[in-house]
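Colleague: Could you pick one part of this model and take me through it closely? I'd like the cut-offs as you go.

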Amino acid sequence: RRERGWGTDLTGRGSGSARRRGGSRTTSPSLKNCYSFSTGEVLKNLNKFYKRKEIQRLGAENGLDARLFHQAFISFRKYIMESSSVSADLHIILNDICCGAGHVDDLFPFFLRHAKQIFPMLDCMDDLRKISDLRLPPNWYPDARAIQRKIIFHAGPTNSGKTYHAIQRFLSAKSGVYCGPLKLLAHEIFQKSNDANVPCDLVTGEERVFANEDSRQAPHVACTIEMCSTNTPYEVAVIDEIQMIRDPARGWAWTRALLGLCAEEIHVCGEPAAIDLVTELMYTTGEEVEVRNYERLTPLTVLDYALESLDNLRAGDCIVCFSKNDIYSVSRQIEARGLECAVIYGSLPPGTKLEQAKKFNDPDDPCKILVATDAIGMGLNLCIRRIIFNSIVKPTVNEKGEKEIDSITTSQALQIAGRAGRFGSSFKQGEVTTMHRDDLAQLREILSEPVPPVQAAGLHPTPEQIEMFAYHLPDATLSNLIDIFVSLSQVDGMYFVCNIDDFKFLADMIQHIPLNLRSRYVFCTAPLNRKEPFVCTTLLKFARQFSRNEPLTFDWLCRHTKWPLAAPKNIKELVHLEAVHDVFDLYLWLSYRFMDMFPDAALVRDIQKKLDDIIQIGVCNITKLIRASQSAAAPGTAEVVSEDFPLSRTQRDPRVVSERHGAASTEALSIAVEAAGLRRAKSGRPSRLGGRQEELKSYGRGSLANRLLREGLLTQEMLRQLESEWQDQHRNGRYGFGSKKDDQHGSRETRKKRK
């Protein structure tokens with residue numbers, strides 16, 4: 001039996017099947033037609049096989065961990081139960097087992113053969129494990145290990161001058177590199193350096209700007225952290241916002257810079273929470289860390305009162321929201337009060353953000369209020385007197401890539417609140433509060449807590465590692481290669497593998513397009529938001545034309561984006577313009593990696609600047625766009641949420657959401673009563689939902705409208721608007737969430753009770 005490659009009796013007992021074996025391997029009809037035993041008996045024995053510890057141990061010895069073992073068994077069981085034909089030798093084994101003449105362990109060779117068909121990597125598991133061994137990242141950078149680097153950690157809160165001191169050393173060095181998390185920060189250092197007569201180049205994913213007219217490389221460079229070179233020697237390197245080394249998506253870039261930059265001095269700037277991890281990482285490289293601590297340069301005060309009403313706004317205020325819908329709602333309410341406000345949120349182009357910041361900072365401009373997302377936490381110098389949190393919950397993505405709504409962390413709260421009272425601005429101290437009274441105590445608690453220490457640094461598989469995997473698994477898709485890599489990867493306690501969902505999304509999207517592995521990998525690392533269908537569709541078209549070896553010209557891009565574009569007339573058009581700007585960014589990003597196939601970068605950059613101006617016009621008139629969107633909204637459209645309730649303080653109940661988006665105000669009323677129930681804090685703070693519900697119950701007497709008015713979730717003006725819209729719906733035969741029949745039924749029930 002062993003010589004013929006058939007099943008081995010792992011328990012040492014003989015098998016009756018050995019007497020009936022002979023001849024070549026053939027296939028037999030399905031078990032439904034030929035087996036003399038029931039399918040129930042087969043399933044019973046297969047499950048017995050699956051549960052045996054000896055089988056699980058043998059699976060592990062052959063590269064099947066618990067997850068792969070389970071997946072392989074499910075496939076094996078399906079093959080036996082549903083296949084139109086089963087191999088003759090397996091048929092005989094199953095028959096012997098069911099008749100009591102064999103043992104379930106005899107199935108293992110057939111199971112392993114099947115597992116290797118669906119998991120080809122089992123044949124080269126040792127090689128794959130070596131490739132995916134991520135336990136010694138410092139060894140990936142031999143150039144950095146060949147020199148003795150000096151590590152200086154500038155630790156302190158926002159507005160403490162830590163980055164300033166690191167930049168001063170950068171400017172005084174013969175050569176240097178600045179690595180920042182945002183294009184805005186890289187651009188700021190680029191400008192400062194050249195203004196100080198220190199020639200400095202700018203390098204981002206989409207842009208290369210040379211300080212020298214002849215395009216010679218300057219000794220200094222300011223770049224986004226993903227673009228830093230680990231091969232170029234420098235005297236000084238600055239790594240900004242080092243605490244982002246823990247970021248689930250981008251943390252690998254900080255790890256790479258910290259371990260791989262070839263600089264005599266590495267100046268690291270960030271929160272004190274990262275000191276211990278950086279020290280441990282540098283211990284593995286044999287390098288010591290010098291820590292320089294900084295204190296905030298201006299006082300920051302948490303006020304004893306909440307804003308409660310937009311009527312209480314004053315010059316220098318910044319309202320921080322965590323969703324675009326809140327931005328739209330708050331900015332509209334502010335301008336309805338005769339005040340002008342600037343608007344900044346993450347998806348705006350950098351140029352528009354800078355213009356809005358300039359408008360807000362200008363003492364001669366009538367715009368004295370800023371409405372922004374947490375995008376202001378980095379990259380913009382703003383003259384803010386008071387930070388007002390519209391909400392203290394925000395959507396997040398956890399380590400598993402799952403979306404959650406949670407209270408903001410202490411680190412996030414400090415980063416945002418610290419923007420108030422910037423040193424050197426017209427405000428000598430900063431203030432922070434909340435929009436709603438019931439949030440203030442929790443904000444105070446969040447700000448008073450210590451920032452949890454950074455536990456681990458992110459890693460990401462390199463193109464070279466994936467290419468080696470592909471050599472061993474030539475038939476696997478890129479998405480499968482990444483999955484296998486992550487499942488086999490080994491990291492020690494100081495590292496974690498970054499979330500790869502976006503990479504896999506793009507890999508699956510372009511899998512059907514014929515591309516070589518290196519090109520496919522580059523397309524999958526393109527920086528885009530997969531929630532934007534227009535941008536994703538454009539990447540797909542780029543990849544398809546690239547695969548046909550047809551250059552993507554300026555004319556082709558103009559046809560695809562319908563350039564030139566007009567100023568937006570509503571929010572939907574503004575959002576589309578932002579997506580087109582992202583498409584231009586995507587083209588420029590690819591043009592630096594495939595210059596021959598994306599040849600018109602200069603022309604695209606020119607029209608992108610024009611598009612930036614058009615978007616600025618739209619943002620300056622954002623309240624007009626919101627009104628236009630609401631007046632033009634029709635059933636089935638959802639280009640802007642029109643309720644005046646702050647969405648981040650509410651939770652939509654899927655059971656009552658109207659199918660008609662036109663009934664937005666009615667929907668708003670229904671979801672407002674779910675207020676403030678989303679504060680599920682990871683830090684161990686108890687949820688405040690229960691207390692909030694008790695408060696609502698305590699209002700027992702009185703109408704729902706009165707309770708909402710007391711809560712600050714409804715204003716008299718909004719109540720009048722809702723009443724008017726409700727009457728219009730009745731006149732037009734639209735009844736919100738229920739049908740006319742339901743409404744009539746409810747009326748009858750009410751009359752009965754009255755009687």
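Modeller: Let's start with accessibility: a residue is buried under 20% relative accessible area, exposed over 50%, and partly exposed in between, using a 1.4 Å probe and protein chains only. E308, with 46% relative accessibility, is therefore partly exposed, and that's the residue I'd begin from. Bear in mind that this is a predicted model, where local features need pLDDT of at least 70 and side-chain atom pairs count only at pLDDT 80 or more, while totals for chains, interfaces and linings use all residues. Residues are numbered from 1 along each chain as its sequence is written, and side-chain values use heavy atoms, with hydrogens and water left out.

E308 makes a salt bridge with R437, at 2.6 Å from N to O (a side-chain nitrogen of Lys or Arg within 4 Å of a carboxyl oxygen of Asp or Glu). That pair joins distant parts of the chain, 129 residues apart: E308 is in the loop between β11 and β12, while R437 belongs to helix α17 (residues 437–448). Helices (H or I, at least four residues) and strands (E, at least two) are DSSP runs here, numbered from the N terminus. R437 has a relative accessibility of 61%, so it counts as exposed.

Now the sheet beside that loop. β11 and β12 both belong to an open, parallel sheet of six strands, in the order β11-β18-β15-β12-β14-β13. The edges are β11 (300–302) and β13 (341–344); each has a single partner strand, so one side of each has no neighbour in the sheet. On average, neighbouring strands in this sheet are turned by 20° against each other, direction ignored. For pairing, DSSP has to find at least two bridges between two strands. β11 pairs with β18 (residues 430–434) in the parallel sense, over three bridges, and one bridge partnership is T301 with E431 of β18.

At the other edge there's a helix to look at. α15 (residues 350–361) lies across β12 (317–320), β13 and β14 (369–372), and runs at about 150° to β13. Contact there means heavy atoms within 4.5 Å; axes are lines fitted to C-alpha atoms, for helices over the stretch in contact, and angles run from 0 to 180 degrees between N-to-C directions.

To put the E308 pair in context, a search of the whole structure gives 27 salt bridges. Another of them is D105 with R52, where the closest N and O atoms are 2.7 Å apart. D105 sits in the loop between α6 (88–99) and α7 (108–118), and R52 in the loop between α3 (39–51) and α4 (53–61), so this pair ties together parts 53 residues apart in sequence. D105 is buried, at a relative accessible area of 2%, whereas R437 counts as exposed. D105 and R52 also share a salt-bridge network with E54. Then there's E550 with R548, at 3.5 Å from N to O; E550 is partly exposed at 34%, and so is R548, at 45%.

One more sheet for comparison: eight strands, open, with mixed pairing, in the order β6-β5-β7-β4-β8-β9-β3-β10. Its edge strands, β6 (208–209) and β10 (289–293), each pair on one side only. Helix α13 (residues 275–285) lies across β3 (150–155) and β10, at about 165° to β10.
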